[in-house]
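Trainee: I would like to learn how to read a model of this kind. Could we go through it feature by feature?

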Amino acid sequence: MALSTRLTWPLRPALAALCQAARGQRRGLSVPVGPEHSLDLGGIFPPLATPFSPMQEVDYAQLEGNLRRYAKVPFRGLVVLGSNGEYPYLAPRERLEVVSCVRRALPRDRLLLAGSGCESTQATIELTVNMAEAGADVALVVTPCYYRGAMTSATLVQHYTEVADASPIPVVLYSVPANTGLDLPLEAVLTLAQHPNIVGIKDSGGDITRMGLMVHKTRQEDFQVLAGSAGFLMASYALGASGGVCALANVLGAPLCQLDHLCRKGHWQEARDLQHRLIEPNTAVTRRFGIPGLKKAMEWFGYYGGPCRAPLAPLSPPQVEELRGAFSANGWL
């Protein structure tokens with residue numbers, strides 16, 4: 001039986017303790033800041049790509065190899081089973097095994113966010129509880145979208161409220177309209193931000209006005225906004241976002257952490273120059289070529305990318321050259 005928010009509330013101070021050192025380092029920074037949070041989400045999170053073998057089985061040895069390299073990058077934590085993890089293509093057993101594998105390899109001072117969103121509220125609750133048992137610190141819950149015409153603001157508020165009530169770990173909302181065709185309405189976000197077990201949102205829509213309103217209108221809440229793409233990371237920080245969950249961090253993790261650092265220190269000219277160099281590569285591994293492009297680029301930077309699961313297809317040779325050009329033209333290759 002899923003635990004209620006009231007019963008699981010004592011878990012949140014324990015998670016917050018993991019973040020105390022990082023929080024102390026962020027005092028007095030030059031980016032807009034809000035109240036102290038029970039769980040500090042400030043920083044960069046790569047949404048991990050799931051490595052597959054040539055036979056399209058999850059390759060846990062390669063996953064562990066990537067994790068060893070990512071341990072050298074000052075990420076705030078990792079996201080597993082997001083859009084870039086090919087979450088819809090994994091069986092329930094595989095999803096839990098991936099979380100367990102990452103948790104074993106991840107230092108305790110780094111957060112593990114795990115995607116647990118399903119189409120039904122019941123299935124989402126069950127998977128969220130299972131993710132917590134497998135070692136996730138935070139549940140990242142994407143909007144249900146199959147019956148998107150019925151997903152009114154009130155319906156989505158009810159869905160997320162029931163999930164958050166039942167979840168033994170904090171919940172982060174996940175709005176990714178490019179994949180779901182559904183933008184989590186602003187009024188729903190503002191209502192859900194008041195829930196004690198909903199601590200933030202990953203917004204991948206790229207509407208900076210909307211993100212600024214989220215930050216502004218939730219400034220009295222224990223709620224943080226995470227940019228869902230490296231392409232608008234600096235702009236998000238300028239408006240008060242706490243961090244970013246960026247596909248490009250799978251490839252250029254250190255530069256993205258540097259951009260995070262520059263923004264927090266108020267070094268805006270240097271941050272702008274770096275942001276400009278990241279826009280084209282980011283577009284190439286997201287909107288232009290998607291996960292196949294992301295995995296190909298990972299290989300150029302010493303990570304294991306490997307194949308995607310069908311029906312996702314590998315890039316053609318001309319696409320590979322175009323992808324390489326996006327990185328080389330900006331000085332990364």
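Mentor: We will take the overall make-up, the sheet, one strand and one helix in it, the cavities, and then one further helix with the loop after it.

Mentor: This is a predicted model, in which local features need pLDDT of at least 70, side-chain atom pairs count only at pLDDT 80 or more, and totals for chains, interfaces and linings use all residues. Residues are numbered from 1 along each chain as its sequence is written, and side-chain values use heavy atoms, with hydrogens and water left out.

Trainee: How many helices and strands are there in the protein?

Mentor: Helices (H or I, at least four residues) and strands (E, at least two) are DSSP runs, numbered from the N terminus. The protein has 15 helices and 8 strands. Of its 333 residues, 57% count as buried; buried means under 20% relative accessible area, exposed over 50%, and partly exposed in between, with a 1.4 Å probe and protein chains only. Contact means heavy atoms within 4.5 Å. Among contacts between residues at least 6 apart in sequence, 74% join residues at least 24 apart.

Trainee: In what order do the strands form the sheet?

Mentor: Strands of a sheet pair through backbone hydrogen bonds, either parallel or antiparallel. Two strands count as paired if DSSP finds at least two bridges between them. Here 8 strands form an open sheet in the order 1-8-7-6-5-4-3-2, with parallel pairing. Strand 1 (43-45) and strand 2 (77-80) are the edge strands, each pairing on one side only. From one strand to the next, the twist averages 25 degrees.

Trainee: How many bridges pair strand 5 and strand 6?

Mentor: Strand 5 (residues 171-175) and strand 6 (residues 198-203) pair in the parallel sense over 5 bridges. Ser175 has Asp203 in strand 6 as its bridge partner. Helix 7 (residues 153-166) packs on the sheet and touches strand 4 (138-142), strand 5 and strand 6. The direction of helix 7 makes about 160 degrees with that of strand 4; axes are lines fitted to C-alpha atoms, for helices over the stretch in contact, and angles run from 0 to 180 degrees between N-to-C directions.

Trainee: His159 lies in helix 7. Is His159 buried or exposed?

Mentor: His159 is buried, with a relative accessible area of 5%. Not counting residues up to four places away in sequence, His159 touches Cys118, Ser120, Thr121, Thr124, Val141 and Pro144.

Trainee: Why is strand 4 described as largely enclosed by the rest of the structure?

Mentor: Because 5 of the 5 residues of strand 4 are buried. Both faces are covered: Val138, Leu140 and Val142 are buried on one side, and Ala139 and Val141 on the other. Strand 3 (residues 111-115) runs parallel to strand 4 and is joined to it by 3 bridges. Ala139 in strand 4 is the bridge partner of Ala114.

Trainee: How many cavities of 30 Å³ or more are found?

Mentor: Rolling a probe the size of a water molecule over the atoms shows where empty space is left. On a 1 Å grid over the protein atoms alone, a cavity is a set of points where a 1.4 Å probe fits but cannot get out, and lining residues have an atom within 4 Å of a point. Grid points are joined across faces, edges and corners, and a volume is the space filled by probe spheres set on the points. A search of the whole structure finds 2 cavities of 30 Å³ or more. The largest cavity holds about 60 Å³ of space, and its lining includes Leu67, Tyr70, Val102 and Arg110. Helix 4 (60-70) and helix 5 (92-105) are the elements that give two or more residues to that lining.

Trainee: What lines the second largest cavity?

Mentor: Leu48, Ala49, Thr50, Leu63, Val80, Leu81, Val98 and Val102 line the second largest cavity, which holds about 40 Å³ of space.

Trainee: Where is the place of Gly306?

Mentor: Gly306 is in the loop between helix 14 (290-300) and helix 15 (317-328). Gly306 is buried, with a relative accessible area of 17%. Gly306 touches Lys295 and Glu299, not counting residues up to four places away in sequence. Helix 14 is mostly covered, with 8 of its 11 residues buried. The cover over those buried residues includes helix 4, helix 13 (268-288) and helix 15.

Methods: On a 1 Å grid over the protein atoms alone, a cavity is a set of points where a 1.4 Å probe fits but cannot get out, and a pocket is an open set with protein on both sides within 12 Å along at least five of seven lines; lining residues have an atom within 4 Å of a point.
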